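Open your viewer and come along for a short walk. We will go from a helix pair to a sheet, one selection at a time.

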Amino acid sequence: MESYRTAEEMKSNYEDALIYNGEGKIEGDAVTETAFMTARQFAELTHGSFAQRFYQALLEKTNRVDNPPQLIDTPHFMELREQSSRVVLKDLVEKEGVTQIVELGAGFCSTSVDFLTSQDGLKVNKYIENDFEGKVLDVKQQIVNETLGGIPLSFIPGNVLDQSFWDKVEQNLSEGEHTAIFCQGLLQYLSKEQLGQLLGYAKTILASRGGVFFHEDILKYHPELREDPSFTFITQSLKRITDKKALDELMTQEEATQFYESEGFEVSRVPEQAKFSMDLYSENARKGAEELTKANLKMWLLRPKS
Ligand SMILES: C[S@@+](CC[C@H](N)C(=O)[O-])C[C@H]1O[C@@H](n2cnc3c(N)ncnc32)[C@H](O)[C@@H]1O
């Protein structure tokens with residue numbers, strides 16, 4: 001297992017994405033903007049049940065009604081990962097007795113609320129959502145408190161690369177309950193070193209409780225697809241917006257498997273599937289959804305080796 005520099009030493013992906021004005025003051029951050037963009041896509045290009053309500057409130061509560069986020073035409077990528085995560089969660093709860101869930105970099109995605117308000121979520125005792133401290137989680141927390149009382153959803157803001165965030169997670173989770181930690185749309189922004197560090201934190205939580213860390217398959221692990229015009233588009237858009245070098249740190253599927261194993265995990269895979277909201281898609285997104293289905297992406301499930 002490799003040893004990693006601390007978050008302070010290696011600089012978090014957040015600091016990397018900060019946008020400064022001429023006087024050196026922070027003007028905004030490109031990583032959080034991706035949460036606004038996905039919120040808009042979920043609301044306008046998918047049939048997700050809470051997506052529209054969340055997005056409307058996000059615009060109003062952040063004074064962005066006249067300054068909405070960009071609409072990048074990738075609802076197929078989002079629906080595939082989001083619906084596949086829900087299938088994995090359902091299985092983990094039903095078949096492996098998972099009762100606690102931690103979602104990292106949740107942004108404005110409504111996976112938690114959709115899951116907890118469905119039959120599948122009834123056995124869950126605790127669902128913790130994380131994202132950077134600030135407006136996205138604040139607004140989400142307000143809406144949940146105002147309209148969705150009674151679901152076991154709580155929020156721990158923080159940087160997933162900071163020990164202090166994981167200390168809070170540790171304090172909030174019960175001992176002896178199987179736990180799932182997952183993220184979607186986040187890992188592509190982390191360098192291999194940052195990912196290794198994140199896995200180390202997650203492993204400590206899971207080792208004493210039992211459970212799984214999982215995430216969707218990412219284009220960084222499919223160098224062969226990056227040359228295909230149906231897929232170059234999404235990476236180019238994300239690079240234009242976040243300017244993150246980590247998006248170009250490619251690994252083959254075999255290399256990613258070896259990496260996870262060398263970090264102390266057993267790797268298993270689950271095929272990704274979605275019922276796409278085709279009637280809301282553009283012509284391009286419809287074609288993209290067909291290509292994406294052919295690519296046979298598979299979720300990555302990681303369990304600490306015993
Ligand atoms: C592309 S958005 C994905 C949002 C949501 N998970 C989805 O699938 O639509 C990436 C999210 O990860 C969050 N994020 C990125 N780096 C993070 C970090 N180091 N710690 C916590 N959150 C982070 C961003 O703020 C943003 O909300």
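At what angle do the axes of helix α3 and helix α4 cross? Keep in mind as you look that this is a predicted model. Select residues 30–45 for α3 and residues 51–61 for α4: their axes come within 8 Å and cross at roughly 135°. An angle of roughly 135° falls between the 65 to 115 range for perpendicular and the cut-off of over 145 for antiparallel, and the two helices are therefore oblique to each other. Viewed as a crossing, α3 passes α4 in the left-handed sense.

Next, show the side chains where these helices meet. On α3, pick Phe-36, Ala-39, Arg-40, Phe-42 and Ala-43; on α4, pick Ala-51, Gln-52, Phe-54, Tyr-55 and Leu-58. Colour them by class and you will find 8 nonpolar residues, 1 polar and 1 charged in this contact.

Now move on to the sheet. It is open, with 7 strands in mixed pairing, and you can trace them in the order β5-β4-β3-β6-β7-β9-β8. Select 153–155 for β5 and 265–271 for β8 to see the edge strands, each of which pairs on one side only. Turn the sheet to look along it: from one strand to the next, the twist averages 20°.

Stay at the β8 edge and add residues 298–304, strand β9. The two strands β8 and β9 are antiparallel partners, joined over 7 bridges. Label Glu-266 and you will see Arg-303 of β9 opposite.

For the last stop, select residues 253–262, helix α11. This helix lies across β8 and β9 and runs at about 140° to β8.

Technical notes. Residues numbered from 1 in each chain as written. Predicted model: local features only at pLDDT ≥ 70, side-chain atom pairs only at ≥ 80, totals over all residues. Axes fitted to C-alpha atoms, helices over the stretch in contact; angles between N-to-C directions. Helix = DSSP H or I, 4+ residues; strand = E, 2+ residues; numbered from the N terminus. Parallel < 35°, antiparallel > 145°, perpendicular 65-115°, else oblique. Left-handed = near helix turned anticlockwise from the far one by under 90°. Contact = placed C-beta atoms within 7 Å. Nonpolar A, V, L, I, M, F, W, Y, C, P; charged D, E, K, R; others polar. Pairing = 2+ DSSP bridges.
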